[in-house]
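Grab a pencil and let's work through some exercises together. Each one comes with a solution that goes step by step.

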Amino acid sequence: MTLTVILICAVFLLVLGPFAVAMRTTGAASRLIYGASLAAAAASFAASVAHLLAAASPETIALPLGIPWLGAHFRLDVLSAFFLVVIDLGAISASLFAFGYGMHETAPGRVLPFYPAFLAAMTCVVLADDAFTFLLSWEFMSLVSWALVMAHHRLPENVRAGYIYLVMASFGTLCLLLGFGLLAGADGHYTFAQMRAAHPSAAIGAMAMLLALFGAGSKAGIVPLHVWLPLAHPAAPSQVSGLMSGVMTKVAVYGFVRIVFDLAGAPAWWWSIVVLVLAGVTTVMGVLYALMQHDLKRLLAYHTVENIGIVFIGFGLALAFKAYGMPFAAALAFTAALLHVFNHSLFKSLLFFGSGAVLAATGERDMEHLGGLIHRMPQTAFAFLIGCVAISALPPLNGFVSEWLTFQAILLSPQLPSWGLKLLVPAVGALLALSAALAAACFVKAYGVTFLGRARTRAAEAAAETDAFSLAAMMLLAALCLLAGILPGLFIDALAPVSSAFIGARMPVQSGLQWVSIIPIAASRSSYDGLLVFFFMVISGGLAAFAIHRFASDRLRRAPAWDCGYPDPSPATQYSAMSFAQPIRRVFGSVVFQARETGGIPVPGDTRPAWLKVELRDPFWDYLYAPLATAIARVADRLNRLQFLTIRQFLTLVFGALVILLLVLAVWS
Amino acid sequence: MVLIRDLAIQGAQMLLVLLLAPLFTGFVRKAKAQLLRRQGPPLIQPYLDLVRLSRKDVVLAESASWLFRVVPYLVFSATWVAASLVPTFRTGLLFSWSADLIAIIALLGSARFFLALAGLDVGTSFGGIGSSREVMIASLAEPAMIMIVFTLALVAGSTQLSTIAGFLSSSGAGLRVSLALALIALVMVAIAENGRIPIDNPATHLELTMVHEAMVLEYSGRHLALIELAASLKLMLYVSLIACLFAPWGIEASGAASPALAIGIAAYAGKLAVAGFLLALFETSIAKMRVFRVPEFLGAALMLGLLATLLLFVSRSL
Amino acid sequence: MSRIDFDVAHVLAGFLVLISFLELYQDRLYALLNVYAAHALVLAASVAWQAFLQDAPHLYVTAMIALVFKAIVIPVALHRIIVRLGIHRQIEKVVGVGTTMLAGMGLVALSMVVMLRVTQQAGPLAQEDLAFALSVVLLGLLMMVTRRNAVGQVVGFMSLENGLVLAATGARGMPLVVEISVAFSILIAFIVIGIFLFRIRERFDTVDVQVIDTFRGER
């Protein structure tokens, strides 16, 4: 019943696409499409929340579409329900945001038909119960999001972004195809139910895990397959960027969880080593890349890479604990990762919507041309601030809760018997702590340079506040961030059925604990009470304000800035994004990115300006992708000669191939 | 009855740290002056400064926003809440289970986040200098602190500060290599986080040597008073942390009788005096580091913390 | 042997590893010599503690030798050599301090893993002491590999020897004869190295091994 409701919503969204094409020229088309998407997403959200909270048993439907002897299978279990909640919350907020923001769209005909189809595709991926439906929905999702990335196709960087996105998406699908093929076996058991029952051997399971990690991981943004993400996410319109970063990466995470925790059989201990190494590198590299950026959307996209790394650290720990038969620790790590999936979709969407509002108000994405927007766009600035505080993992908001749970899982790891893990996990813990501190630095930069200070250009001075619908979407997400931070027990309990189903254990029941605190393992070990911390902060701040205003002074007057007695009226003297990041660029960037700064000051009398140039080299482009591209080009050049053979040589090729196949047949049978 | 007594003790702890923090700062300044053969300001000078500042008008820059006015209250409340949760004369405080050591460090991180934003708010270059250097220092000091927390948590089996303090004061801990390394790293991180020499000079107003002072350059009046009080509270927090973890004599668990309470308070006062004198001695005998030597210093602290954690992962008795 | 005895031995061995890291961090020659003196001091304390624990009086002699020769005589003598040779007092490193420290961490982890696996049947005190001793040896080798200055390499070599002494005392039963012969051989090697350094300096006007390498004639 719930599954039918959700499928009907998905079909409705698919139908909206052609409807939007038909309505293209009318003015109200944008509002209608986004409003209809909002309604469908809300219905789907209600259904999946009901399923998740009730911890209902899985529902399946088999439709006679697609391959004749296979059909299309759909299944709604607790994992799908959780990811549907994430998708639908993202869709609701994005549609609400786009209800207002969509009026600024310059090419609505290229966005409106694909937007509801994108939502429908993501829903179908999560509901798919056989390999064919899964891959079809996955490819459809990639294709539709590619179309959205190419919406403003006149800009050359968007064209390049679309091309690289398409190549990486194809690579991802290839890996997933091979993975499903291995799991299906020689008999072609493509439905997930058959794969679950088949109990693959250790070698097949390991290959499937690696292929899922590379396939789904490339869509999620695991280093070194992340290169498309910071190009494609900023190129799309802002509501779609929020969906791609906040929601589509989570659909990729769903693919990984489904294959590795459900279909590939019992995990071996060394799987966690591969996942943890990649995740640790991803976390730190993501935030270091983000610190070097001054394009607001690109910074946010690189930051998504970091948070996906944190999610995969949780999954790596869960795999290690599961392989060694420590179910409660595995449940803790698994719940921490899933909670971070939920939290990240909330605050990343909020941040992308904020940057979209800034883009619509000023026409600028580059932080170096913004500044002082807190005076011109106060509500957007407030919502964006909540997003920045949440993503920097600061109490009492939600980012802190999932990171705290991950640290608690790391502290359980000395019980693991493997030496490799004993050395790797503390290093991963140090990398996680390092990335958390660097993330806070990154968002001080992003918020401070964009919203605080003085306006650097005319465009920033002339900015106006965004419309009510976009603000409503952002405030909704900000409120959810606060709620998940002060009442995390509710969300952890909602996730309990998922970890019970896939790990075999769950975290202790969190509701009903005194003062609404959370206890991950045992009360004697650690606990955290977000509500009390928030309460104390409010009380002590309020008390201080009251005492001072009552007993001391509450007068205030405005004056020019002190600036140590050397005030400068030009806004160019304040810190820019590149100058703010200079100390960190010097400490970390000189090693990782070979960051070099060169500058010149002309001699007195020369009227040219002084200049400063910062050079950064991306190690993955230089050492992985550029050599790969050169090698492929060289091989393609050699193979090109095949096009210019004579007729006799073509016939020889065909004859040779036939003989070889006959030989193979003779030897094999 | 027990609840009221525990509530009273928690309240007493909160008031004690608030009232003693300026006195501690005054004591350190007086000791430094005496070591330099000067008279130095009176011990209660910080209290007089706070009263004087809070009576003055706030002079706000024209380009400052509402965030600039709210940040001092945020910084003060976050630091005060964190300081109230660190045991001083008694462990097992009523609300000690609501935030463990990781949460306490994250609260201090929130305070730093908002202060760095305030530095960028007015749009001057001094604020930018302070904020960018502060986040560079934080990007290494915070991971080092987390590694120290891991070490302590692995030794004591919990991240709750009361439990750790209780375990380390019992005979179960012994004299362990990883704890020794953690102590050295904690002292290095405490110096960096509180902006003492050799990382930052708390008494200077020269651009070359500023980190914290540069961020709060535009603050005046009651806002500046709150930020100064928060800085004193933070110093007090770190000293209390080192004292309750590594010098746990005199701290009783919750529920002990009144004589133990008096002994606890006396012991705490003694530890503060010793720590203040050692800090003054250290600050007068060493020069401030160049800004880009600080990452090497903090990198060493991070390595020590990582080494201590590694030793505990590898062997239970180290 | 009570718990506190184990702990003191471990703390002293751990401090030896810490001081080895401190040696890696130094980039001024006089400071390096002071740190090396501290290294020898902690070694003497550790050997003396082992002598107390194992009730082996000849180890006290080893501790005295470490204290007098390695903590006092050798640093003073090296100080004199540096002044006479007029050696450049900044130590150039092959790779940066951060990379060296990270490599040091990796070596400590490696020696922990190797020793704790290989010596399963020895007692826990010996196991962990051996692990620390191997770390000190490897860190001494790392110092020799990452220093361009000949004096820095000599200090690395001597830290390595300190690690060997720690290992030998920890393993219970190091006869005095062995220690005396080892100490004298070190002293001879030191004198020879000193003479060589003088000759090299006279001939080439520098003791930077990178520069001396170019005289080899193959490049």
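**Exercise 1.** Is helix 9 of chain B largely enclosed or not, and how many of its residues are buried?

*Solution.* Before we start: this is a predicted model, where local features need pLDDT of at least 70, side-chain atom pairs count only at pLDDT 80 or more, and totals for chains, interfaces and linings use all residues. Residues are numbered from 1 along each chain as its sequence is written, chains are lettered from A and ligands numbered from 1 in the order in which they are written, and side-chain values use heavy atoms, with hydrogens and water left out.

Step 1: helices are DSSP runs (H or I, at least four residues), numbered from the N terminus. Step 2: buried means under 20% relative accessible area (1.4 Å probe, protein chains only). Step 3: 22 of the 26 residues of helix 9 of chain B are buried, so the rest of the structure largely encloses this helix.

**Exercise 2.** Work out how much area chain C and chain B bury between them.

*Solution.* Step 1: buried area is the accessible area (1.4 Å probe) that two parts lose on being put together, summed over both. Step 2: for chain C and chain B that comes to about 1,800 Å², with 77% on carbon and sulfur atoms. Step 3: C:Leu18, C:Tyr25 and C:Met105 supply 27% of what chain C buries against chain B, more than any other three residues.

**Exercise 3.** Find which helix of chain C gives the most to the side that touches chain B.

*Solution.* Step 1: helix 1 (3-25), helix 4 (97-118) and helix 5 (124-145) of chain C each give two or more residues. Step 2: helix 1 gives the most, with 11 residues.

How values were computed:
Buried < 20%, exposed > 50% of the residue type's maximum accessible area, 1.4 Å probe, protein only.
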